[in-house]
Amino acid sequence: MSQLITSQKINEKETLKFECETGNYHTFCPISCVSWLYQKIEDSFFLVIGTKTCGYFLQNALGVMIFAEPRYAMAELEEADISAQLNDYKELKRLCLQIKRDRNPSVIVWIGTCTTEIIKMDLEGMAPRLETEIGIPIVVARANGLDYAFTQGEDTVLAAMACRCPDKTSITSNNTNLETSMPPLVLFGSLPSAVVNVLTLELNKQGITVDGWLPSSRYTDLPALGEDVYVCGVNPFLSRTAMTLMRRKKCKLINAPFPIGPDGTRAWIEKICNVLGVTPTGLEEREKKIWQSLENYLPLVRGKSVFFMGDNLLEISLARFLTRCGMIVYECGVPYLDKRYQASELLLLEQTCLEKNVPMPRIVEKPDNYYQIQRIRELQPDLVITGMALSNPLEARGINTKWSVEFTFAQIHGFANSKDVLELVTRPLRRNMMQQVSNKTLVKPAN
Amino acid sequence: MKLAYWMYAGPAHIGTLRVATSFKNVHAIMHAPLGDDYFNVMRSMLERERDFTPVTTSIVDRHVLARGSQEKVVENITRKDKEELPDLILLTPTCTSSILQEDLQNFVDRAAMESKSDVLLADVNHYRVNELQAADRTLEQIVRFYIEKANKQNNLSTIKTIKPSVNILGMFTLGFHNQHDCRELKILLNQLGITVNEVIPEGGSVLNLKNLPKAWFNIVPYREVGLMTAVYLEKEFQMPYVDITPMGIVQTESFIRQIANVLNSIDKTNSYNFDQYIDQQTIYVSQAAWFARSIDCQNLTNKKAVVFGDATHAVAMTKILVREMGIRVACAGTYCQHDADWFREQVWGFCDEVLITDDHTQVGDMIARIEPSAIFGTQMERHVGKRLDIPCGVISAPVHIQNFPLGYRPFLGYEGTNQIADLVYNSFTLGMEDHLLEIFGGHDSKEVITKSLSTDSELNWTIEATSELNKIPGFVRGKVKRNTEKFARQNKIITISIDVMYAAKESAGA
């Protein structure tokens, strides 16, 4: 099938096709963001105000992490809370005091859920009152399944946290980058500290100082923001945070592709350099070198087709990188697409397809898993990137799959981590080259 | 509001979905927000299910909040009806739909008119029942629906089979070793000359539910799920049921005797007696009786154990440990709070204390206080055991992927007794190893780490005291260390020297 498509030359000027389906797809609830954010922000405590359903999801989705005394907990709503027989404020105060006593965090993040939305619990109203009463900052993020999917949970938390960043006074802004007279730069998006260091160093090489990260590894170190601060995102799902930084904090947004894959990383650095008036140096060689180091993986993926079912919003960036690697993307499902925030990334995807002379993927927002499975049956792609609910059934039908969740938790940003992306993508392909049994369809025929 | 980190039993809709997806050709539609379909992941990953989990969501989003679901639910039901041609579509409410208070029954009624499949609304309230209770109810609801339907259509099969036959109620997906148990029960029943009429819900078809009354009687292997159905069938059709869990030699024996009683009460012309079979199995097939008698098992006598799990498994395990192996159960507990009375009654006289709670920290504290030689519990107790350096055998849900073994591992019946004997024996430190360690003062010189559940103490151990501590055999070292520190704390001693150690030992002995 993949050969069939490559043989069709693209003559007319093609552009990306956007579609929207029913939104009946499988993804993680956005409250899952607490799992990586509590680890990132070391002095935080995340309190998810929801029901048993939320708790059950967290404890099962996060597996063994629950046994390591995590800095998150459920404020489990009971019938008396729902029917307003109990006073929300008093209840939350009791729990937060308990958290303060046991853990003494620098910030408590309240995660609002579907239930708090429906019963209209005024978390934003209660937080400032309780904050002054107990003396710990309380940040409210409404990361619920009514409005958001999976990684967008982080977006709601960071957007709320952006409002807590100290204001950059003109005096401090004069102090930073005094020698270069460059405007301050703050990057946003939660990444493991190793990746933070890698990206920071990468910019340092171009003579650019990173003045701070949102989030920082401690709540007490949140970066200062203000009118002349430039901000740039590192992940494609941070559109609310970007919006908040621009509108509420008056920052200037650098719209760039995301630093995923050597092509993305280079484009990201170049864009930042351009905006800050720096001429980038040595990037072309650096990118070339990384591509050379990927030579072990590239033959495995070249000419192979891939189908993204869509669940974590990283899809566009990954599709662009994999296209550059020589894959053909049939479909790129994505929960939500902010065409403005992802503008540069979409443009780069389009360019990459043209340069590689492959058809533009069909971008399906709010996909319908049922219809997607019909299309997968027809197209028989070499690889389907999908959630864990559908992986095993697809594998049993002889379709190679890769769990999409792994891309969220693996380190995929920057030049050096490009290898990790391909490591993930090629794993099912490599395994199936070795195994003899899995070539068969392993399902009973329907009776 | 309750501050919670972990829970033993899941929310109600999980129970409903477990029952629905266990039946063949039943599709469940959840009325829920995006991301609530985590059940599909669990089924696909834990059960390693090859088929797509027949659960979809009619998604509740902002629009639904503002204007109500309107046509959405009905459309989703009729769409699934056309796409999958299921026999039954079960609309499943969640915590979200519980508080939205939409008239879901109305949607179901409307969709039923347009669908070829039957459409039902699962009758469970998120805030009143947990996963297990919901599963029990849903099974009863589906059975009742199809019995009543068959009754109306006059095609209910009420004529009993010629030979003795039985329905097995309550085997279902994501159940603890359910598939293996089911196979073992079928073998056992077959050997007794009893045919299995229907197994529900696992692998059953809702279209066959009308055949349930054909069986002579029902068995309910697990107390948590199936009992409501058995009671309903008894009321409707005077079908007797056996609700003894055939786990362990003694209980399996009473299970079989109970079956004989039931058969004799139904069929007066024959006399059913399985005594010979029981003897044969107990002596030769099950190794557990001989194992308990063997010299190795002497070392287990009066060792302390703690048991925690669902009501069925915790009760059965407690009885096995005490009656069949001579182990002392210091505490038996369950998280099935709704069934606390039955649990207390069952373990009365078998254990020193009873703990009924769904708070895992209470269970952890209890284990830390008792310091048993082995724990038999859920995955959570296994982790507590790891931290306290106490071995743990997993005997009950909630479980991991490890508890869905590929090999044959029943807990019920005579093969089950063998599996349990292995589990128990392997959980305790091997007897002779124990003995040798004690004589030779241990062989490991690892640094001692505090393994109490509380946060680290600020006590200092002198070098001499530390090396003295290291001479104590590994398996009691933790206990000695904790006792010494407790003594030091009580006496406001900050530095622990050898003197303090001996003083602590004396005070503990006194």
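**Entry 1: A:N255 and its surroundings**

Before I start, a word I need: two residues are in contact when they have heavy atoms within 4.5 Å of each other. I also remind myself that this is a predicted model.

With that in hand, I looked up A:N255. Leaving aside neighbours within four places in sequence, A:N255 is in contact with A:K271, A:R340, A:Y341, A:A343 and A:S344. I found A:N255 in the loop between β9 (252-254) and α12 (261-276) of chain A. One of those partners deserved a second look: the side chains of A:N255 and A:S344 are joined by a polar contact of 2.8 Å.

**Entry 2: where chain A meets chain B**

Next I turned to the two chains together. How many residues of chain A are in contact with chain B? I noted 71 residues of chain A, which are in contact with 52 residues of chain B.

The size of an interface is often given as the accessible area lost when the parts come together. For chain A and chain B, the buried area is about 5300 Å², and carbon and sulfur atoms give 60% of it.

Then I checked the polar side of the story. Between chain A and chain B I recorded five salt bridges. I wrote down B:R79 with A:D368, a salt bridge whose closest N and O atoms are 2.7 Å apart. Across the interface there are also 19 residue pairs in polar contact, with both residues at pLDDT 80 or more.

Which parts of chain A make up the side that touches chain B? Elements that each supply at least two residues include β2 (44-50), α3 (52-61), β3 (72-76), α5 (88-103) and α17 (369-379) of chain A. I sorted the residues of that side by type and got 41 nonpolar, 15 polar and 15 charged.

**Entry 3: strands that pair**

I had just met β3 of chain A, and I found that it pairs across the interface. Three bridges join β3(A) to strand β1 (residues 2-4) of chain B, and the two run antiparallel. In that strand of chain B, B:K2 stands opposite A:E76.

A second pairing caught my eye inside chain B. Strand β10 (residues 304-309) and β11(B) run parallel and are joined by six bridges. Here B:F308 has B:G333 in β11(B) as its bridge partner. Strand β11 (residues 328-334) of chain B is mostly covered, with six of its seven residues buried.

**Entry 4: a helix that is largely enclosed**

I went back to α3 of chain A. Why call α3(A) largely enclosed by the rest of the structure? Because eight of its ten residues are buried. Among the buried residues of α3(A) are A:C54, A:Y56, A:F57 and A:L58, and A:K52 is also one of them.

**Entry 5: B:V285**

Next I visited helix α11 (residues 275-285) of chain B, where B:V285 has its place. B:V285 has a relative accessible area of 38%, so I noted it as partly exposed, the class between under 20% for buried and over 50% for exposed. Not counting its neighbours within four places in sequence, B:V285 is in contact with B:Q280, B:Y414 and B:N418. I liked this one: B:V285 and B:E415 are 130 residues apart along the chain, yet their C-alpha atoms are separated by 7.5 Å.

**Entry 6: B:A397 and the cis bonds**

I found B:A397 in the loop between β14 (392-394) and α17 (413-427) of chain B. Is B:A397 buried or exposed? B:A397 is buried, with a relative accessible area of 18%. Beyond four places in sequence, B:A397 touches B:F176, B:Y335 and B:T378.

The bond that follows is a curious one: a cis peptide bond joins B:A397 and B:P398, with omega about 0°. I noted another cis bond from B:I200 to B:P201, with omega near -5°. B:P201 has its place in strand β7 (residues 195-201) of chain B.

**Entry 7: two positive phi angles**

Last, I looked up two residues other than glycine with a positive phi. A:A84 has phi of about 60°, and it lies in the loop between α4 and α5 of chain A. For B:E371, phi is near 50°, and its place is the loop between α15 (360-370) and β13 (374-377) of chain B. I compared their surroundings: A:A84 is exposed, at 62% relative accessible area, whereas B:E371 counts as buried at 13%.

Technical notes
Residues are numbered from 1 along each chain as its sequence is written. Chains are lettered from A and ligands numbered from 1 in the order in which they are written. This is a predicted model: local features need pLDDT of at least 70, side-chain atom pairs count only at pLDDT 80 or more; totals for chains, interfaces and linings use all residues. Side-chain values use heavy atoms; hydrogens and water are left out. Buried area is the accessible area (1.4 Å probe) that two parts lose on being put together, summed over both. A salt bridge is a side-chain nitrogen of Lys or Arg within 4 Å of a carboxyl oxygen of Asp or Glu. A polar contact is a pair of N or O atoms within 3.5 Å; within protein, one must be able to donate a hydrogen and the other to accept it, and residues adjacent in sequence count only if both atoms are side-chain atoms. Helices (H or I, at least four residues) and strands (E, at least two) are DSSP runs, numbered from the N terminus. Ala, Val, Leu, Ile, Met, Phe, Trp, Tyr, Cys and Pro count as nonpolar, Asp, Glu, Lys and Arg as charged, and the others, Gly among them, as polar. Two strands pair if DSSP finds at least two bridges between them. Buried means under 20% relative accessible area, exposed over 50%, partly exposed in between (1.4 Å probe, protein chains only).
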